[in-house]
Amino acid sequence: YSIIVPLYKEADMVKQMVRNLKALNYPQKALDVIFAIEADDSQTLHALTKQRLPPWMRIIIAPPGSPQTKPRACNIALDQALGSLVVIYDAEDRPHPDQLLEAANRFMAADEQLACLQAPLRILPGEGFWCRQFALEYAAHFETFLPALAKVGSAVPLGGTSNHLRIKPLRQLGGWDPFNVTEDADLGFRLASAGLKTD
């Protein structure tokens, strides 16, 4: 299972992210964590090297180039990913410890047409009306709207994180569009156009 974590100027999130990844309930010998960082981001690189990463975590530095976007960094990491499954996590994510196991089991039980699983993204509501509205919007989108689209066989506009994918069809589709600022939703529609399923 390859885990791609694109980071840019997020040195303050590194310690928390490494801790969250170490908490995943998945055999470490079957994990391949890739931190994809930009060449001009020395602070995040320094924060990562201070963490004494285990052997199943590694750093890939995206060479200077254009556009300098999250999907471009993900594609550079995808080229070097070792797993047959891959997931994207953002720096602030706290994935459930059993998320990888559940996704792997779902892929194993399904046919090859199931190419992607979107894990629900949950926002902890803060104080105030707008914080609660934000949490409710995420709940409605990831717990109701996207599952309904998947159930009727529609294209699913993916969220930008916690997308679990079979690596082979992802590579066949060319990965993410580095020029698209909604590369996640775009990928969901390209998967559907290729006759592949998202759940």
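This is a short tutorial dialogue on reading a predicted model.

Me: Let's start with the sheet. In what order do the strands lie, and is the pairing parallel, antiparallel or mixed?

Reply: Happy to begin there. Strands of a sheet pair through backbone hydrogen bonds, either parallel or antiparallel. Here, 7 strands make an open sheet with the order 3-2-1-4-6-5-7, and the pairing is mixed. At the edges sit strand 3 and strand 7, each of which pairs on one side only.

Me: Which strands does strand 6 pair with, and how many bridges join them?

Reply: Strand 4 (residues 85–88) runs antiparallel to strand 6, and 4 bridges join the two. Strand 5 also runs antiparallel to strand 6, with 3 bridges between them. You can follow this residue by residue: Ile88 has Asn163 of strand 6 as its bridge partner, and Gln118 has Asn163 as its bridge partner too. Along the border with strand 4, look for Val86, which stands opposite Leu165 of strand 6.

Me: Are the residues on the two faces of strand 6 buried or exposed?

Reply: They are all buried. Asn163 and Leu165 point to one side, His164 and Arg166 to the other, and both faces are covered.

Me: Now the edge. Where is Met57, and which residues does it touch?

Reply: Met57 is in strand 3 (residues 57–62). Its relative accessible area is 5%, and since buried means under 20%, Met57 counts as buried. Leaving aside residues up to four places away in sequence, Met57 touches Val18, Leu21, Lys22, Val33 and Phe35. Another way to see the fold is to compare sequence with space: Met57 and Ile34 are 23 residues apart in sequence, yet their C-alpha atoms are 6.0 Å apart.

Me: Which strands does helix 3 lie across?

Reply: Helix 3 lies across strand 1, strand 2, strand 3 and strand 4. Relative to strand 2, helix 3 runs at about 140°.

Me: Let's move to helix 7. Which of its residues are buried, and what covers them?

Reply: Helix 7 spans residues 183–193, and its buried residues are Glu183, Asp184, Ala185, Asp186, Leu187, Gly188 and Leu191. Their cover includes helix 3 (70–80), strand 5 (114–118), strand 6 (163–166), helix 6 (167–172) and strand 7 (197–198). Just past the helix, Gly195 adopts a positive phi of about 80°.

Me: Why does Asp186 count as buried, and which side chain does it make a polar contact with?

Reply: Asp186 has 18% relative accessibility, so it counts as buried by the cut-off of under 20%. The side chain of Asp186 makes a polar contact of 2.9 Å with the side chain of Arg190. Asp186 also touches Asp177 and Asn180, not counting residues up to four places away in sequence.

Me: Last one: how many aromatic pairs are there, and how do I describe one?

Reply: A pair of aromatic rings is described by the distance of the centres and the angle of the planes. This model has 4 aromatic pairs. In one of them, the ring centres of Tyr1 and Tyr26 are 5.5 Å apart and the planes stand at 90°, so the pair is edge-to-face. Tyr1 belongs to the segment before strand 1 (2–7), and Tyr26 to the loop between helix 1 (14–22) and strand 2 (32–38), so the pair ties together parts 25 residues apart in sequence. Both tyrosines, Tyr1 and Tyr26, are buried. Elsewhere, Phe134, Tyr138 and Phe142 make up one aromatic cluster.

Methods: Residues are numbered from 1 along each chain as its sequence is written. This is a predicted model: local features need pLDDT of at least 70, side-chain atom pairs count only at pLDDT 80 or more; totals for chains, interfaces and linings use all residues. Side-chain values use heavy atoms; hydrogens and water are left out. Rings of Phe, Tyr and Trp (its six-membered ring) pair if their centres lie within 6.5 Å; planes under 30 degrees apart count as stacked, over 60 as edge-to-face and the rest as tilted. Helices (H or I, at least four residues) and strands (E, at least two) are DSSP runs, numbered from the N terminus. Buried means under 20% relative accessible area, exposed over 50%, partly exposed in between (1.4 Å probe, protein chains only). Contact means heavy atoms within 4.5 Å. Two strands pair if DSSP finds at least two bridges between them. Axes are lines fitted to C-alpha atoms, for helices over the stretch in contact, and angles run from 0 to 180 degrees between N-to-C directions. A polar contact is a pair of N or O atoms within 3.5 Å; within protein, one must be able to donate a hydrogen and the other to accept it, and residues adjacent in sequence count only if both atoms are side-chain atoms.
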